[in-house]
Amino acid sequence: MSGLILVGSGWHPLLFRAEINALVGTVDVLHPRVVHFQNTPPPSSQEYTNLLSRLSRAALLDDVVQFGGFSDISELDILAQNIANWADDNLPAGSFSVRGRYLGSAVEGISRRGLEIEAGGLIYSETNPVDLENPEHEVVFFICGAVDGATHGDSVICDKPILIWGIREKSFSRPNYIGRQPMDRPFFKPVSLEPRLARLMVSLSHRPEIEPDFAIDPFCGTGGIVIEAAVQGISVLVSDLDPVMAHGVKKNLEWAEIPEGTLVEVARCSTRSISEQWGSRKNCIFAFDPPYGRNAWKSDDGLELFLATLTQALLIDPHSSICSMLPAGAESLENDPSQNYIVMGRPWSEVTEKIHACGWDVVLNSPVKVHKSLARMVIVCHPSN
Ligand SMILES: C[S@@+](CC[C@H](N)C(=O)[O-])C[C@H]1O[C@@H](n2cnc3c(N)ncnc32)[C@H](O)[C@@H]1O
């Protein structure tokens, strides 16, 4: 057995999987929050390092594990034996620990702690001594039950609990937002997007196999999205109509820890003229949240501005992709895919037709909850041709 197990956060399993698809392509779904990426290059190769660095762009990826195996849930001693049999053939020499995690609801009759102790006892040998503090290898397992308290709709459900195990990939590290929260930045406004959502939008606008040369945000505000792109070394083309924002975002970008060689260009201009501003470019991704005042989004203007941006994006790069976040009514969270939600003040079917008329197809749409009475629709569009 080979490949990597990718474990997502419970916040939005559907968007976790969409993010992994956008970054690395097709994966097998084992559980709403767990996917198996099979085509892994050899761990010692440069391709493998590149794969991990690509995965580190994901906002909703919690854990990366070298795939061991998976099974239905049965008696604890049988499960422990399964893990031990696999370890016999696959665990390299060196100290180890066994760590378990519940994903979703606990599974009746299986104690995480009990399985850690039982499997650890069976694996233990002279070549594999236990070291709980600083093990050379961390054997991990996930007891995967039903996704609990799901706020967001998902077509994949966990119909029966499973156990998944493997060796933790130590070279993977999750993004760390400490010190990068909107209020930590020199220029702050309440419109600022929180970094995890901003990073999610950047990764959703990726396509597998393509390394973006530029991330473009024509409604940059305080720079939530472009900061997340630039700290990953993606060059950014940044603009806003409001001179206060265009000035403030510069300060934020100077303050952010951006790797050397990453191009940052900031302009004050309307989204309607970004193709004149930036000219023709290759390998662009667009990520933006258009303006949504208290009532402004209910008027046609918000939608019209969004559509104008789609047209501009095609002029800059006809092979680009877009991730955006549009205001939607809370009814969009009711998880009924047949419902024609109101998005930007219009029925969603009408909005998709208008998007299509601008030369784009919606390849993903999923609501995220903002608060009780407000949701936003995260959408990804690819050029129709
Ligand atoms: C929702 S905010 C974006 C917030 C941003 N993502 C952040 O993290 O701060 C929308 C932005 O669009 C800008 N805006 C409004 N109309 C515009 C237009 N016609 N062209 C460009 N920017 C515009 C506003 O000044 C505002 O900064």
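## A guided tour of the model

Begin by selecting isoleucine 157, which sits in the loop that links β6 (137-144) to β7 (162-168). Before going further, keep in mind that what you have open is a predicted model. Isoleucine 157 counts as exposed, because 11 C-beta neighbours lie inside 10 Å and a residue with 12 or fewer such neighbours is put in that class. Now add alanine 146 to the selection: it is 11 residues away from isoleucine 157 along the chain, and the two C-alpha atoms are separated by 7.4 Å.

**The strands on either side of the loop**

Next, select β6 and β7, which run antiparallel and are joined by 6 bridges. Within this pair, show isoleucine 143 and look across to leucine 163 in β7, which stands opposite. Then colour β6 by burial: 7 of its 8 residues are buried, so the strand is largely enclosed by the rest of the structure.

Keep β6 on screen and add strand β5, residues 96-103, which runs parallel to β6 and is joined to it by 8 bridges. To follow this pairing, pick phenylalanine 96, whose bridge partner in β6 is histidine 137, and then glycine 100, whose partner in β6 is phenylalanine 141. Between β5 and β6 the chain passes through helix α4, residues 112-123, and this β-α-β crossover is left-handed. While you look along any such strand, it may help to recall that in a regular strand the side chains alternate between the two faces of the sheet.

**Strands β1, β2 and β3**

Move now towards the start of the chain and select strand β1, residues 4-8, together with β3; the two run antiparallel, with 4 bridges between them. Leucine 6 is a useful residue to label here, since its bridge partner in β3 is valine 35. Add strand β2, residues 28-31, which also pairs with β3 in the antiparallel sense, over 3 bridges. In this second pairing, histidine 31 stands opposite valine 34 of β3, and the hairpin that joins β2 to β3 does so through 2 residues.

From β3 (34-37), follow the chain into the loop that leads to α2 (46-55), and stop at proline 43. Is proline 43 buried, exposed or partly exposed? It counts as partly exposed, because 15 C-beta neighbours are found inside 10 Å. If you select arginine 112 as well, you have two residues 69 apart along the chain, with 29 Å between their C-alpha atoms.

**The two domains**

Zoom out and colour the protein chain by its domain assignment, which gives domain 1 (4-168) and domain 2 (182-383). The C-alpha centres of domain 1 and domain 2 lie 33 Å apart. Where the domains touch, 16 residues of domain 1 and 18 residues of domain 2 take part in the contact. On the side of domain 1 that touches domain 2, these residues divide into 9 nonpolar, 5 polar and 2 charged.

**Two residues with positive phi**

Select glutamate 209, in the loop between α5 (195-204) and β8 (214-217). Although glutamate 209 is not a glycine, its phi is positive, at about 75°. Glutamate 209 counts as exposed, because 7 C-beta neighbours lie inside 10 Å.

Then go to methionine 344, in the loop between β13 (342-343) and β14 (346-347). Its phi is near 50°, again a positive value in a residue other than glycine. Which side of the burial scale does methionine 344 fall on, buried or exposed? Methionine 344 is buried, because 25 other C-beta atoms lie within 10 Å, and 20 or more are enough for that class.

**The ligand**

Finish the tour by selecting the ligand and the 19 residues that surround it. The closest of these are Phe219, Gly221, Thr222, Gly224 and Asp242, so label those five before you show the rest of the shell. Coloured by class, the shell around the ligand shows 10 nonpolar, 6 polar and 3 charged residues.

Conventions
Residues numbered from 1 in each chain as written. Predicted model: local features only at pLDDT ≥ 70, side-chain atom pairs only at ≥ 80, totals over all residues. Near = placed C-beta within 6 Å. Nonpolar A, V, L, I, M, F, W, Y, C, P; charged D, E, K, R; others polar. Domains from an automatic or database assignment. Contact = placed C-beta atoms within 7 Å. Pairing = 2+ DSSP bridges. Right-handed = clockwise from strand over helix to strand, strands pointing away.
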